[in-house]
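Got the structure open in your viewer? Let's take a walk through its empty spaces and see what sits around them.

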Amino acid sequence: MKKVAIIGLGPMGIRHIQACRNSKELDLAGGADLNVARVEELISDGFLPSGGGFSDYKQMIVELKPDIVVISTNAPSHYDIFHEVVNLGVKNILCEKPIATSIEQAINMIETASLYDVLLLVNHSRRWCLDYVELKSLLEIGEIGKVESVTFSMGGGQMGCNGMHIFDLISYLTGARVDKLIGFLNDEGVENPRGKHFFDPGGYALVHLDCGIRVYFEMTEDLGIPPLLIINGTYGRVTIEETKKRMTVEKRASEDCELPVTRYGTPLKHVTEHFFEHLDIVELTRVGLENLAKGEILADPSDALKALEVVIAIHASHEMGNKMIMLPINENHTIEKVFSFT
Ligand SMILES: NC(=O)c1ccc[n+]([C@@H]2O[C@H](COP(=O)([O-])OP(=O)(O)OC[C@H]3O[C@@H](n4cnc5c(N)ncnc54)[C@H](O)[C@@H]3O)[C@@H](O)[C@H]2O)c1
C-alpha cells in the first residue's frame, strides 16, 4: 500500500479522499488545509485518519512521509506548493489542473520534475477515461471519415478552470495541438464561485490545430447551459453530452460514404448511442493515483502545459484587439504573465 497525503481539502480534495478509500492499493495517510475547522470536521466525520489532519502541509509531509502527495488547492498556489513538496523529497505528485497560473511556472514545474526524477501527473483524467479512449480509436480508424472540425459550447465562464479540460480533451482525441487562434473574453462581471479574488472569465475563440482541424469554442458567462461537444467528420459526426452521459455517433450508410461532400443532404442513417460508463471523477482519480503508485503517469504534464497555453492565448488575443496568436507562445510578457484561475 502506498501512503497518500492530500493538500487542499475542498470538494476536489474530498474526491481524492474518496478515491483513496475506494482503493486497495492506496492508504490515505492524511490531509492538510489552511482551514483548521474543516480539517477537524473531516477527522470527526471519519474522512481523515486520527493524527492525519494538518493545517501546515509541510509538517504533514515531514511527519507522515507519504509516497504520493496530491496538490488539490486552487491553481495560484500549485507552483509554490509543488516546489516545497519536491524540496521535501517527495517523488510522486498528483497536481490538480490547471497545472499552474502562468506558462513560465508550468514549464518550470515540468523541468523541475524531470531534474529531480519526480513523477508529476496533472489530473486531466478524461485522457484515461475508457469511453474517450475508445472514441479516440474510433476516430483514428475513420469511423466518421476525416475529422475536419470541432464545435464546443458551454455556459458558466471560467475558461481557466473548465476550458482547459476541453482543450486537453480535443488535443487528446485528435492527436493534434493548437497552433493558432483568435480569442475573445466574455466577462459579464459574474463573481467567481470560489471567491472574488479569482479572475477566470469566460470567452470564445476560433482555434486552429496543427493538423488543419478547426475548433469553434465558447465557454461564456452569458450562457447557463451544459457542455456540448460535436466532432465533425467527412461523412459523420459525434455528439457528446457529458451531463447526460451520452455520446451519439451518426454516419452515412456505408454505401453512401463514397458520395461527394456536396451531397451534404445524404442522411446519416447509421446511428449508435454510447453511454459513458467510466466518466466518474472519483474513479478516474483513483486510477490516476494507483498508476502513479506503480510508477506510471497516465498523462504527460507537457499536455497540461499546452492546455494552459491555449486559455492564456485567448486572453492574450483579446488584450491585443483579437490579434491572431501563434502557439507555442514565444512572447515573454505573455509567458511570464500570472493569472488567477481556480
Ligand atoms: N480534475 C478535475 O476534474 C477537477 C474538478 C474540480 C476541481 N479541480 C481542481 O482542483 C483544485 C481544487 O478545487 P476545489 O473545488 O476543491 O477548490 P476549493 O477552493 O473549493 O478548495 C480548495 C481548498 O484548498 C485549501 N487551500 C488553499 N491554499 C492552501 C494551502 N496553501 N495549504 C493548504 N490548503 C490550502 C483551501 O482552504 C480550500 O479548502 C482546483 O485547482 C480545481 O481547478 C479539478
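Start with the second largest cavity in this predicted model. By class, its lining counts eight nonpolar residues, no polar ones and one charged. Select Tyr-132, Phe-152, Ile-166, Leu-169, Pro-227, Leu-228, Leu-229, Ile-240 and Glu-242, and you have the residues that line this cavity. Helix 7 and strand 11 (228-233) are the elements that give two or more residues to this lining. The space they enclose comes to about 50 Å³.

**Next stop: the largest cavity**

How many cavities of 30 Å³ or more does the structure hold? Three. The largest cavity contains about 90 Å³ of space. To find it, pick Phe-167, Ser-171, Val-178, Lys-306 and Val-310, which are the closest to its centre among the 13 residues that line it. Colour helix 7 again, this time together with helix 9 (301-319): each supplies at least two residues of the lining here. Sort this lining by class and you get seven nonpolar, one polar and five charged residues.

**Now open out to the largest pocket**

The largest pocket has a volume of about 1,100 Å³. Head for its centre by selecting Met-12, Arg-15, Glu-96, Lys-97 and Arg-194, the closest to that point of the 41 lining residues. Which helix gives the largest share of this lining? Helix 7 does, with four residues. Show helix 1 (11-21), helix 7 (159-174) and helix 8 (281-293) as well, since each of them supplies at least two lining residues.

Try colouring by domain, too. Domain 1 (2-124 + 282-300) and domain 2 (127-275) each contribute at least three residues to the lining of the largest pocket. By class, that lining is made of 15 nonpolar, 15 polar and eleven charged residues.

**Last stop: the ligand**

Bring up the ligand and the 24 residues around it; Asp-33, Asn-74, Glu-96, Lys-97 and Arg-194 come nearest. You'll recognise Glu-96, Lys-97 and Arg-194 from the centre of the largest pocket.

Three distances are worth drawing:

- Arg-194: a polar atom of its side chain lies 2.8 Å from a ligand oxygen.
- Asn-123: here a backbone N or O atom is 3.3 Å from a nitrogen atom of the ligand.
- His-165: a side-chain N or O atom sits 3.4 Å from an oxygen atom of the ligand.

Finish by switching on a surface. Taken alone, the ligand exposes 870 Å², and the protein buries 84% of that.

Key: Residues numbered from 1 in each chain as written. Predicted model: local features only at pLDDT ≥ 70, side-chain atom pairs only at ≥ 80, totals over all residues. Heavy atoms only, no water. 1 Å grid on protein atoms, 1.4 Å probe; cavity = no way out; pocket = protein on both sides within 12 Å on 5 of 7 lines; lining within 4 Å. Points joined across faces, edges and corners; volume = space filled by probe spheres on them. Nonpolar A, V, L, I, M, F, W, Y, C, P; charged D, E, K, R; others polar. Domains from an automatic or database assignment. Near = heavy atom within 4 Å. Polar contact = N/O pair within 3.5 Å; in protein donor to acceptor, adjacent residues only side chain to side chain. Areas by Shrake-Rupley, 256 points an atom, 1.4 Å probe, with all protein chains shown as cover.
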